[in-house]
Protein chains: 4
Amino acid sequence: MTILTLYSRLPDSLLLEEGGRVTTHHFQPTHYHTAIAAHEPVLRVAAGDTVITTTVDAGGRDAQGDAVTPGGNPQTGPFFIEGAEPGDTLVLRLDRLTPNRDTGVSATVLAPNVVDPSFARELPEGQPAEWRIDHGGKTATLATPVAGLAGFTLPLATMLGCFGVAPPRGQAISTATSAEHGGNMDYRGFREGVTVYLPVFVPGALFHLGDGHAVQGDGEIVGTGIEISLDVQFTVGLRKGKRIGWPRGENDDYLFTAGNARPLDQALQHATTEMVRWLRDDYGLETRAASTLLGQCVEYEVGNVFDPAYTMICKAPKRVLNSLGGGG
Amino acid sequence: MTILTLYSRLPDSLLLEEGGRVTTHHFQPTHYHTAIAAHEPVLRVAAGDTVITTTVDAGGRDAQGDAVTPGGNPQTGPFFIEGAEPGDTLVLRLDRLTPNRDTGVSATVLAPNVVDPSFARELPEGQPAEWRIDHGGKTATLATPVAGLAGFTLPLATMLGCFGVAPPRGQAISTATSAEHGGNMDYRGFREGVTVYLPVFVPGALFHLGDGHAVQGDGEIVGTGIEISLDVQFTVGLRKGKRIGWPRGENDDYLFTAGNARPLDQALQHATTEMVRWLRDDYGLETRAASTLLGQCVEYEVGNVFDPAYTMICKAPKRVLNSLGGGG
Amino acid sequence: MTILTLYSRLPDSLLLEEGGRVTTHHFQPTHYHTAIAAHEPVLRVAAGDTVITTTVDAGGRDAQGDAVTPGGNPQTGPFFIEGAEPGDTLVLRLDRLTPNRDTGVSATVLAPNVVDPSFARELPEGQPAEWRIDHGGKTATLATPVAGLAGFTLPLATMLGCFGVAPPRGQAISTATSAEHGGNMDYRGFREGVTVYLPVFVPGALFHLGDGHAVQGDGEIVGTGIEISLDVQFTVGLRKGKRIGWPRGENDDYLFTAGNARPLDQALQHATTEMVRWLRDDYGLETRAASTLLGQCVEYEVGNVFDPAYTMICKAPKRVLNSLGGGG
Amino acid sequence: MTILTLYSRLPDSLLLEEGGRVTTHHFQPTHYHTAIAAHEPVLRVAAGDTVITTTVDAGGRDAQGDAVTPGGNPQTGPFFIEGAEPGDTLVLRLDRLTPNRDTGVSATVLAPNVVDPSFARELPEGQPAEWRIDHGGKTATLATPVAGLAGFTLPLATMLGCFGVAPPRGQAISTATSAEHGGNMDYRGFREGVTVYLPVFVPGALFHLGDGHAVQGDGEIVGTGIEISLDVQFTVGLRKGKRIGWPRGENDDYLFTAGNARPLDQALQHATTEMVRWLRDDYGLETRAASTLLGQCVEYEVGNVFDPAYTMICKAPKRVLNSLGGGG
């Protein structure tokens with residue numbers, strides 16, 4: 001079915017639609033933001049351009065481990081995307097997310113809101129742990145002694161915890177939380193190779209990014225991943241006149257939507273509704289068909305259950321979508 | 001580390017610990033229950049025994065498609081497990097779950113509680129759809145015309161939607177919902193090959209089972225899977241004096257716990273707390289170590305977000321647990 | 001407007017509609033139930049009859065302070081109401097609720113689920129406190145020393161914490177929780193003089209009652225009121241063929257509905273929907289009119305936020321309802 | 001007990017502590033804000049000063065009914081309070097809230113999130129209704145025909161729906177929602193005569209106000225009160241070095257705290273925790289004493305269950321607090 005085949009290659013085609021030549025920008029930030037808002041842009045880029053930049057960690061430490069800005073998920077940017085206007089969709093391919101130093105840090109105690117209230121009293125005092133990054137072996141090893149976890153080593157699975165565009169209504173939304181504009185979603189599926197879609201609310205979209213994690217479990221249930229500074233490369237696209245309601249993403253296997261709210265039930269409602277709209281608008285499935293398909297095939301993932309707004313991810317498998325319309 | 005190696009073989013060893021000879025019971029139900037309670041047992045079995053039986057579908061229809069009992073997830077059983085007493089853990093290996101007729105049925109419209117409240121008005125009227133089961137090809141194909149889904153075919157992934165043991169306090173809990181005793185969890189991970197652990201609240205445990213689904217998406221968001229009657233084989237074990245709080249399970253790759261409650265946040269709290277207890281009790285990890293591990297490795301799955309109690313699954317990867325203590 | 005005037009006298013008229021003569025039954029319980037279910041009735045009464053009986057406290061202690069039954073909100077009853085059938089509404093006027101001994105007991109520490117999760121660790125260990133009841137002065141005075149509360153005295157405001165009818169589907173619902181059938185709602189508005197309406201699910205309705213509180217704050221946020229045994233008098237009525245969805249009540253000033261669920265948001269949805277139905281069915285207000293009225297006049301009260309199901313109360317002021325239709 | 005007696009007169013004494021002479025400012029706004037943030041102040045006032053100003057209605061209409069600014073709870077201000085610094089508490093006495101025109105407007109259909117999801121489909125399409133304000137008789141009468149509500153008249157109970165101070169972290173928070181800084185709490189207890197306490201996050205506090213309602217039910221369940229423009233008079237005070245976590249208030253009968261969050265359960269947690277802190281810090285009650293007292297005396301009110309963050313109010317009766325310490 002033409003539209004589906006086309007759609008599976010959509011990001012690439014989009015990236016080129018604004019002009020054939022790709023420009024690569026190198027940008028080294030000198031200041032950061034702990035709210036996502038219509039701040040003065042640091043760079044203007046065009047659809048199709050690639051940006052190579054860096055992010056500091058959640059605590060404001062850079063590649064050298066120096067505290068260069070106050071903590072709280074400080075953001076690099078914002079980047080002004082030429083031609084982006086309210087009602088468009090910003091497309092971002094996360095080309096590369098690479099930890100750029102040798103140590104990361106994590107919390108070591110579950111957040112009290114992810115355990116039974118009566119169990120919260122059994123949680124010990126929090127204290128951070130350090131992890132050693134092995135860039136060659138692509139692993140993180142717990143360096144702070146924690147009884148029972150000697151030599152504990154995990155494969156790197158680098159992700160971007162917080163990114164988004166300037167929100168509407170003149171809002172400046174803290175990078176502690178998330179909403180329709182993106183923000184601190186802490187979903188471990190926002191990793192290298194993924195294409196992200198964000199609604200545009202202000203001219204230029206004003207894209208911010210930060211809060212890299214070398215590793216993170218579902219839900220960010222200790223309140224952190226392995227927090228680290230990153231080298232980042234991303235490529236920008238734009239869908240003019242395409243209006244979406246919530247952040248969306250796409251990898252080789254899935255379309256996915258992100259709902260950001262509390263409780264988790266509401267985050268799930270947002271994500272599910274956005275997925276129905278996606279299937280309806282781009283796949284021509286009426287609500288009954290989208291329901292029937294999702295009812296038997298949907299998958300959910302928990303982004304975070306720690307931040308002020310939780311994040312639930314609703315996923316539709318591409319193998320199922322691609323099987324549609326064979327005979328029709 | 002001995003305990004871990006041992007543990008990965010736990011189910012098998014347990015099943016034998018009560019005696020070396022396996023007895024296989026064939027049981028054909030003649031009546032069913034729509035509440036899980038201390039009903040008169042239909043069969044007495046011993047730890048190590050295997051039971052081969054059948055379940056009707058959620059609507060009370062059997063292998064011939066005949067309505068043999070009122071609908072509402074009617075349960076086969078209960079089975080009395082010899083020697084099971086309050087404070088023990090019942091072990092069940094789901095050996096075989098096989099649809100035993102050629103058609104299943106599903107709903108076709110999203111439940112209004114899984115979409116934005118403002119979107120609920122856009123949902124069409126519900127009407128069921130029939131699916132054709134291809135036992136050889138192991139697929140289900142939508143047989144009722146739904147625009148855009150002509151020939152829609154999915155691989156079978158048979159699961160058990162509702163099962164559990166008699167609850168404490170003389171309760172009789174509707175098979176519409178779930179709690180510590182199990183019940184209508186509608187988690188698609190309760191499939192062939194999985195070992196399930198349930199807390200025992202009454203002498204004999206009194207195990208009930210029913211509500212097979214040939215396929216189901218996460219969350220059972222249309223309110224049904226592909227509902228079907230099943231041939232079921234399960235093998236029973238018992239851990240004497242082992243007290244657990246919530247249903248647990250184990251497959252080749254994961255340990256998992258099920259929390260049943262509303263909202264989803266509370267279901268997640270139950271499941272996470274139960275997993276910490278599991279790691280603490282059986283893996284010797286203190287709360288800080290269990291937190292550090294889960295913080296970076298936990299995975300969650302949504303069981304159901306349709307029933308009166310939702311179900312959230314908390315998973316710990318065995319590959320991670322098995323890597324512990326290598327040097328220590 | 002005739003129907004409204006009539007309705008404001010509804011309870012009395014109903015109590016008489018089944019026959020003119022009032023019979024008063026004295027019933028002294030000898031056993032109790034900690035689940036609400038289709039237990040063997042202890043007494044058969046007719047619509048219009050009055051019952052004078054007693055309840056033990058939540059811990060199973062009677063008027064002499066003797067532990068006569070296991071704790072957990074043990075219920076007196078059930079009472080079989082002649083002629084009550086599924087689809088009817090049971091009417092109960094709580095004529096008298098009187099503490100029948102000189103001491104009550106309460107918890108002294110907030111439940112961890114009613115404070116911020118991060119604050120739960122600051123809660124001290126729980127320990128019960130005793131209160132002295134002054135029957136003449138109608139007060140309760142804290143008898144266990146708690147620093148800062150020397151001589152702390154409150155006016156009695158006796159209420160019934162847990163009561164209900166046998167639920168449908170053969171369920172036996174623990175008296176720890178509540179649902180459509182009533183149960184452990186712990187709403188302090190269920191006090192002397194109130195008329196309660198309950199849906200009937202089984203022949204005879206099978207009314208249970210217990211769990212008296214001499215005093216209780218909104219939400220039962222320490223997990224108890226001042227728990228005490230009671231002398232109770234109630235009068236029974238029946239509305240044949242009147243189907244309601246949730247417990248309802250009526251006092252001099254308000255109609256009210258009770259929604260029982262978690263989270264509180266869902267309890268509020270149940271209560272609000274039930275109130276719209278009440279205004280629609282009995283006051284002839286279409287949904288828009290009921291909405292407009294409730295939008296500017298509704299009041300909510302928190303029943304409990306401690307039990308497995310929370311309780312939210314939706315209230316419509318009679319002074320507003322009585323003002324309707326003056327000109328029309 | 002001295003501190004309590006003093007406290008009951010606290011607002012007045014505070015207002016004078018910065019200087020004996022009261023200055024009254026008259027301020028007529030010329031522009032408005034739909035986010036609460038560190039905007040350029042419109043006026044600088046001192047503790048003890050009184051401000052007389054106006055607010056437009058939620059839709060941006062002024063006393064003449066003219067649309068003078070885009071809708072969405074546009075705010076008058078911000079007012080810079082001399083000497084206010086982060087860590088202080090801003091005190092505001094709402095001296096006068098008077099509708100300044102003859103018509104208000106309300107919605108007429110329940111918000112879909114306050115009814116059962118399955119009932120949402122029964123809600124009719126929304127359409128606004130007009131209300132006539134009788135300033136002399138202090139009533140509002142429904143002017144738009146709604147079947148069954150001919151001549152429907154309610155007493156005025158004017159309140160301020162949205163007000164707050166500039167939030168921390170450079171945030172600009174939409175006036176659609178609320179948080180620690182106040183905002184769109186839509187609590188009908190914020191009425192004439194009430195004293196409000198707000199945490200100060202930025203120099204000068206930067207107080208905004210707007211969104212008057214002539215009448216509103218609990219919860220703002222149709223999404224509006226009777227929306228109207230107001231003449232407002234308020235008097236400013238300051239508690240230097242007094243740090244609070246959430247908005248607080250005080251009227252003749254109650255201390256109260258406001259928790260703003262979703263779900264309602266979390267709003268209740270915030271409000272309850274803040275009340276415990278209040279009783280602990282200002283009344284010298286340890287957590288156990290505060291718990292024991294609130295457990296039997298607390299009252300809750302629903303602010304709103306419509307906005308992105310819900311508002312729950314936790315109230316402690318002054319008659320109870322004033323009874324403390326008689327003998328001690």
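How many salt bridges are counted between chain D and chain C? The count is six, a salt bridge being a side-chain nitrogen of Lys or Arg within 4 Å of a carboxyl oxygen of Asp or Glu. Keep in mind that this is a predicted model, where local features need pLDDT of at least 70, side-chain atom pairs count only at pLDDT 80 or more, and totals for chains, interfaces and linings use all residues. Residues are numbered from 1 along each chain as its sequence is written, chains are lettered from A and ligands numbered from 1 in the order in which they are written, and side-chain values use heavy atoms, with hydrogens and water left out.

**Confidence**

- The model comes with an ipTM of 0.94 and a pTM of 0.95.
- For chain A the average pLDDT (the predictor's confidence in each residue, from 0 to 100) is 93, and 93% of the residues score at least 70.
- Residues 1-19 of chain A have pLDDT below 50, yet this stretch has 35 contacts in the model beyond near neighbours in sequence; contact here means heavy atoms within 4.5 Å.
- Where pLDDT is low, the predicted coordinates should not be read in detail.

**Chains D and C**

- Turn chain D by 180° with a shift of 0.0 Å along the axis, and it lies on chain C with an RMSD of 0.0 Å; the fit is by least squares on the C-alpha atoms of residues with pLDDT of at least 70 in both.
- The two copies are thus related as by a two-fold rotation axis.
- Both copies use the same surface, as 100% of the contact residues of chain D recur in chain C.
- On each side of this pairing, 66 residues of chain D are in contact with 66 residues of chain C.
- About 5500 Å² is buried between chain D and chain C, with carbon and sulfur atoms giving 60% of that; buried area is the accessible area (1.4 Å probe) that two parts lose on being put together, summed over both.
- Within chain D, the residues that lose the most area to chain C are Arg288(D), Thr292(D) and Gln296(D), together 14% of what that side buries.
- There is a salt bridge between Arg277(C) and Glu122(D), with the closest N and O atoms 3.9 Å apart.
- The rule also finds 30 residue pairs in polar contact across the interface of chain D and chain C, both at pLDDT 80 or more. A polar contact is a pair of N or O atoms within 3.5 Å; within protein, one must be able to donate a hydrogen and the other to accept it, and residues adjacent in sequence count only if both atoms are side-chain atoms.
- Elements of chain D that each supply at least two residues of the side touching chain C include helix H3 (264-283), helix H4 (287-297) and strand S22 (310-317). Helices (H or I, at least four residues) and strands (E, at least two) are DSSP runs, numbered from the N terminus.

**Chains B and A**

- Chain B superposes on chain A by a rotation of 180° with 0.0 Å of shift along its axis, at an RMSD of 0.0 Å.
- These copies meet through the same surface, because 100% of the interface residues of chain B are also interface residues in chain A.
- Here 65 residues of chain B are in contact with 66 residues of chain A.
- Chain B and chain A bury about 5400 Å² between them, and 60% of it is on carbon and sulfur atoms.
- The rule finds six salt bridges across this interface of chain B and chain A, while Glu122(B) and Arg277(A) meet in a salt bridge at 3.9 Å, N to O.

**Inside chain A**

- Chain A splits into domain 1 (5-102 + 156-243) and domain 2 (250-322), with bounds from an automatic or database domain assignment.
- The centres of domain 1 and domain 2 of chain A, taken over C-alpha atoms, are 21 Å apart.
- Between them, 26 residues of domain 1 of chain A are in contact with 22 residues of domain 2 of chain A.
- The two domains of chain A bury about 1900 Å², 50% of it on carbon and sulfur atoms.
- Two salt bridges are counted between domain 1 and domain 2 of chain A.
- Asp282(A) and Lys242(A) pair through their side chains in a salt bridge (3.0 Å, N to O).
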